[in-house]
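User: I'd like to learn how to read surface and cysteine features in a model. Could you walk me through them?

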Amino acid sequence: MKALRLLCAWFLLPLLVRGQQDPCTQRSFLCADSVSRPYLIYRPAGIADGEERPLLVYLHGAISRVGLKEDPRGYLEKSPWVKLADEGKFLLLFAYGEKGCGWFDSVGVDMVLGEVAAVPETFPVDPDRIFLSGFSDGGSGALYFAMTQATPFAGFIALNGHFKVSAKIGEAQVYAENMNEKPLYAVNTRGDLLYPSADLTPIIDHLRAANPDFTFRDLEGNHDMSYLPAEAKRLLNFIATQHRKPAREISLETAGPRAAQFDWLEIQDLDTTGEAAVWHEPQTLYAQDRRATFGLKYDYAHPGPGLKVNGFRSDTALAVRMGVQVGDLILMMEQDTLKGPYDPYFYLGKKEAGAATAITLERNGEKQILTGVFDPPRHYEVLQHRRRSGKVRARIQGKELIVKTSRVAQISIDPRHFPEKLKRGLKVIVNGRTWGTIDPQSEVPHTIQIN
């Protein structure tokens, strides 16, 4: 802690010497679960008063943990994004979530969007240059937002995230086409203990096929952001050159009320009882998992030594087959002594699926050695779409707005978000039939019932 305080003092001293104001502003947001949670805004020195600047929203990892980070300001101050914000002269918003208010549920998503909307109350923000980034769970969260809440953002930066996390635990089913070509910059690393880039090839191909404005960087490194200084120039260029652009063509798919809006198009009601249109094809995506895993859950409140078992990820997990029981104290994995919660990840990062393994544990005061073999590589379904969806494709073409729907009962068109240069009324054609005309200068959305 002393070293951290000295680091923070070193970071802030030049600003204080120059008479600058505190660069960190802390605010709170009252969330839908009636809990007020903090968020911080970092404003670099050298930004003129009243000057609109880009805003980058950062989502942290480990979002499944219970409780908020203990020192929000300290977490921001030691982030490498602070230096990038200083160089790029953009604002940083650090959101803080927890289990029940994460990047994949309605409470957390609404919190992030609400905090973004509140920043201009404190500092001027360029509304067409708002970006969302994150690391680990935050990187997966950036992917989730890109496919469910893309409208406010100019682009997304997903660092060491995984599409399968967004697809598995997100409240809304995810569809890559919902990005509608919003710029996406993703980084994964070859030595990542959780999401090695070698296992992501089918997913990267899927995202690239859906979004031509997709940049993927396959870098050396582990599950950390040690690559960020070397990647800084590319990231700063991404932030400096991207702007939110009004869409002329939109593809939107949803299986529920969430993730049902993009720019000027909203799906308001579904009718999933019928068959899908021929062009509305089901999305499938399979990938391979070559990681070694025991399938263990730990009681991190146990003071140690070793890690105490409090459950298993499934009844068929390797640890169960080896004979591990709830309450056992895992002392070693082969020759690796377990001293902290990350030690199992370091051990498993050296192993591959199908390799032999051994665990030394303590049960009722006696030590035992259990042996086993990790499961072979497995193929799994990434998207896991379990609910029927509805889909709309709409495009502005000349003086017409052409709309195709599948399993959709009602949509809304909001002319306020049309491209600015549209001056004349648009003839609306829905599923081959003329619906009417929309005035691009209208100030109210138009509801269209689908016959």
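**Reading patches and cysteines**

Analyst: Happy to! Let's start with the surface: Tyr-300, Tyr-342, Tyr-345 and Phe-346 make a nonpolar patch of about 480 Å². Keep in mind that this is a predicted model.

User: Where does Tyr-345 sit, and what is its relative accessible area?

Analyst: Tyr-345 belongs to helix H10, which covers residues 343-348. Its relative accessible area is 32%. A patch residue needs over 30%, and Tyr-345 counts as partly exposed.

User: Which residues gather in a patch of positive charge on the surface?

Analyst: For charge, the idea is to join like charges that lie within 9 Å and have no salt bridge. Here the positive patch brings together Lys-99, Lys-168, Lys-297 and Arg-313. Take Lys-168 as an example: it is found in helix H6, residues 163-169. With a relative accessible area of 60%, Lys-168 is exposed.

User: Now the cysteines. How many disulfides does the count come to?

Analyst: The general test is whether two cysteine sulfur atoms lie within 2.5 Å. By that rule the count is zero disulfides. Cys-101 shows how to apply the test: its nearest cysteine sulfur, that of Cys-31, is 4.2 Å away, so Cys-101 is in no disulfide under the 2.5 Å cut-off.

User: Are Cys-101 and Cys-24 buried or exposed?

Analyst: Buried means under 20% relative accessible area. Cys-101 has 0% relative accessibility, so it counts as buried. Cys-24, at 7%, counts as buried too.

Methods: Residues are numbered from 1 along each chain as its sequence is written. This is a predicted model: local features need pLDDT of at least 70, side-chain atom pairs count only at pLDDT 80 or more; totals for chains, interfaces and linings use all residues. Side-chain values use heavy atoms; hydrogens and water are left out. Patches are made of residues with over 30% relative accessible area and no salt bridge: like charges are joined within 9 Å, nonpolar side chains (Val, Leu, Ile, Met, Phe, Trp, Tyr) within 5 Å. Accessible areas come from the Shrake-Rupley method with a 1.4 Å probe; for residues, only the protein chains shown count as cover. A salt bridge is a side-chain nitrogen of Lys or Arg within 4 Å of a carboxyl oxygen of Asp or Glu. Helices (H or I, at least four residues) and strands (E, at least two) are DSSP runs, numbered from the N terminus. Buried means under 20% relative accessible area, exposed over 50%, partly exposed in between (1.4 Å probe, protein chains only). Lys and Arg count as positive and Asp and Glu as negative; His and the chain ends are not counted. The place of a charge is taken as NZ of Lys, CZ of Arg, CG of Asp or CD of Glu.
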